[in-house]
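Biologist: I'm new to this structure and would love a close look at one part of it. Could you pick a good place to start, go through it slowly, and then show me what else is worth seeing?

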Amino acid sequence: MVFRKHAVRYLMQEGSGDFAETDESKPLWIIHSRFDEIRVHKSSFVVLFPLLDTIVRVDVGSDIVDICSTHNYVVVVTREHIYVAHKDNLEDPLRTSYELKRPLGFEFEPAAWSSVSVSSGLVTSTNGWSKGKTNKPSSDAILTCTVSTVYFVYTVDGVSTVVRLFNEYNFLESGAVRPVVVQIPEDVRIVMAASGNDHSLFLTDKGALFALGTGRQVSLQMFRGELGIGLIPRVCELTWLEALEGVHVVAIAAAGWHSAALTGDGDVYLWGWNHRGQLGDEKEKVELYPSPLDIDLRVVKIELKEHLTALWVAEDGEEPSILMGSDEIGMPPIRLHYYNQVPDKKSGHLPSWLTEDPQVDMVFLDGKEQIYHGSQDYICQEDPGEEFELPIRDRD
């Protein structure tokens with residue numbers, strides 16, 4: 001589905017009250033997540049917790065180079081330090097020093113920010129877009145985060161190194177931050193990175209794209225395709241997206257279980273899980289490889305949310321002219337049920353056999369249709385109540 005959605009601004013009162021955003025206090029960029037919002041300024045950041053009606057302001061004390069957020073942690077990079085802090089305890093970060101011209105040896109120790117202030121009051125998220133970090137300072141240090149893992153990319157003499165800097169689960173088990181270098185098959189310079197729930201993308205200065213992470217829900221043996229490299233469940237080293245060979249990519253985006261790439265010609269490629277139409281109505285339930293979007297417009301900017309794809313054309317302002325998907329919160333369907341009759345939803349009387357399970361996605365087939373599933377053939381029966389279930393990976 002395609003629709004327009006307008007951002008909802010917020011007013012907050014610090015201490016008692018009201019916080020009205022001015023031009024001077026406008027953030028350089030905004031990071032949205034399901035339960036909080038981070039507004040990044042030159043040398044400080046603000047974390048909004050709408051469910052707790054709480055705002056936390058952190059003065060870092062030096063210019064912020066990059067910042068990202070996992071489900072529970074905030075990671076901040078300045079020119080000299082890297083900070084890791086739990087969102088429930090932002091007052092007590094861990095910190096390590098680094099210098100790009102020297103071999104990096106990360107030793108995280110307890111530290112402190114310049115200042116931290118906490119206030120309460122009615123807090124409402126903007127529900128807007130992150131501005132794509134267009135005001136982010138140029139740097140040879142880049143952060144990107146999945147829901148649990150932080151990757152730190154640094155470049156020395158034109159060659160980039162990717163470090164698996166931090167993982168929530170490992171930290172909870174060991175109490176220590178243990179960075180690990182990720183293997184890269186060749187010398188490349190990475191200029192942009194983006195992450196979804198379980199996967200990350202890395203763009204080089206030559207317009208090539210690499211993937212890292214998970215493309216399958218292991219417990220269900222179901223592929224979601226967000227890596228863009230086919231039926232490969234997981235890659236632990238940067239892996240080139242061969243399907244984009246010869247395509248010069250200039251921008252990337254990732255969120256949830258889908259990915260996007262923008263070319264220099266204004267074309268858009270999408271792939272991953274299309275469970276809520278975020279890849280477009282004409283796409284398959286799962287696109288295992290980058291697939292061009294059939295649109296007669298030159299796109300200049302892309303951005304993704306968990307179940308949404310936003311596209312800007314040259315005439316657009318802060319809001320995109322094209323949105324695909326849904327802004328509903330919650331897990332998508334995890335199973336497919338196939339039926340041989342398309343219900344008449346306009347009548348308002350849906351068949352009693354139609355499932356209302358939100359974890360089930362239904363595929364309706366007109367008449368009898370044969371589907372190959374492994375070593376067996378399935379034929380939809382004439383009785384609309386007859387149904388069978390296939391994992392998405394087997395349907396493809």
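Modeller: Happy to! One term first: two strands count as paired if DSSP finds at least two bridges between them. Please also keep in mind that this is a predicted model.

Let's begin with an open sheet of four strands, ordered 15-16-17-20 and paired in the antiparallel sense. Its edges are strand 15, residues 190-195, and strand 20, residues 234-240; each has a single partner strand, so one side of each is left without a neighbour in the sheet. On average, neighbouring strands here are turned by 10° against each other, if direction is ignored. In general, strands of a sheet pair through backbone hydrogen bonds, in either a parallel or an antiparallel way.

Now zoom in on one edge of this sheet. Strand 15 pairs with strand 16, which covers residues 199-204, over five antiparallel bridges. To see one match between the two, find Ala 193: its bridge partner in strand 16 is Phe 202.

Just ahead of strand 15 there is a residue worth a stop. Pro 185 sits in the loop that links strand 14 (180-182) to strand 15. What does Pro 185 contact, once its neighbours within four places in sequence are left aside? The answer is Phe 210 and Leu 238. Leu 238 is 53 residues away from Pro 185 in sequence, yet their C-alpha atoms are 7.0 Å apart in space. Leu 238 also takes us back to the sheet, as strand 20 at its other edge runs over 234-240.

Following that loop the other way leads to strand 14 and a second sheet. This one is open as well, with four strands in the order 11-12-13-14 and antiparallel pairing. Strand 11 and strand 14 are its edge strands, each pairing on one side only. From one strand to the next, the twist averages 30°. In the middle of the order, strand 12 and strand 13 pair over eight antiparallel bridges, and one match to look for is Val 150 with its bridge partner Phe 166 in strand 13.

The loop between strand 12 and strand 13 holds Asp 157. Its phi is near 55°, a positive value in a residue that is not glycine. That stands out because most residues other than glycine have a negative phi. Asp 157 is exposed, with a relative accessible area of 67%. Asp 53 makes a useful companion: it lies in the loop between strand 3 (44-49) and strand 4 (54-59), and its phi is also positive, near 50°. Asp 53 is partly exposed, with a relative accessible area of 31%.

From the second sheet we can move into the interior. The largest nonpolar core has 23 residues, and Ile 82, Phe 152 and Leu 165 touch the most other members. Strands 5 (64-69), 6 (73-78), 7 (81-86), 11 (141-145), 12 (149-156) and 13 (159-167) each supply at least two of its residues. The core also draws at least three residues from each of two domains, domain 1 (26-102) and domain 2 (117-126 + 136-342). As a general point, nonpolar side chains in soluble globular proteins tend to be buried together.

Phe 152 is a good residue to click on here. Beyond the residues up to four places away in sequence, its contacts include Val 77, Ile 82, Tyr 98, Leu 104 and Phe 106, and among the others are Ala 141, Leu 143, Val 163 and Leu 165. Apart from this core lies another, of 18 residues, including Trp 29, Phe 49, Val 56 and Val 74.

One more stop is Val 300, in strand 25 (residues 299-305). It is partly exposed, with a relative accessible area of 46%. Val 300 touches Leu 262, Trp 312, Val 313 and Ala 314, leaving out residues up to four places away in sequence. Val 313 is 13 residues from it along the chain, with 5.3 Å between their C-alpha atoms.

Finally, step back to the whole protein chain. It has two helices and 32 strands, and buried residues make up 50% of its 396 residues. Among contacts between residues at least 6 apart in sequence, 53% join residues at least 24 apart. The chain exposes about 19,100 Å², of which carbon and sulfur atoms supply 47%.

Conventions:
Residues are numbered from 1 along each chain as its sequence is written. This is a predicted model: local features need pLDDT of at least 70, side-chain atom pairs count only at pLDDT 80 or more; totals for chains, interfaces and linings use all residues. Side-chain values use heavy atoms; hydrogens and water are left out. Buried means under 20% relative accessible area, exposed over 50%, partly exposed in between (1.4 Å probe, protein chains only). Contact means heavy atoms within 4.5 Å. Accessible areas come from the Shrake-Rupley method with a 1.4 Å probe; for residues, only the protein chains shown count as cover. Axes are lines fitted to C-alpha atoms, for helices over the stretch in contact, and angles run from 0 to 180 degrees between N-to-C directions. A nonpolar core is a set of buried Ala, Val, Leu, Ile, Met, Phe, Trp, Tyr and Cys residues joined through side-chain atoms within 4.5 Å. Domain bounds come from an automatic or database domain assignment.
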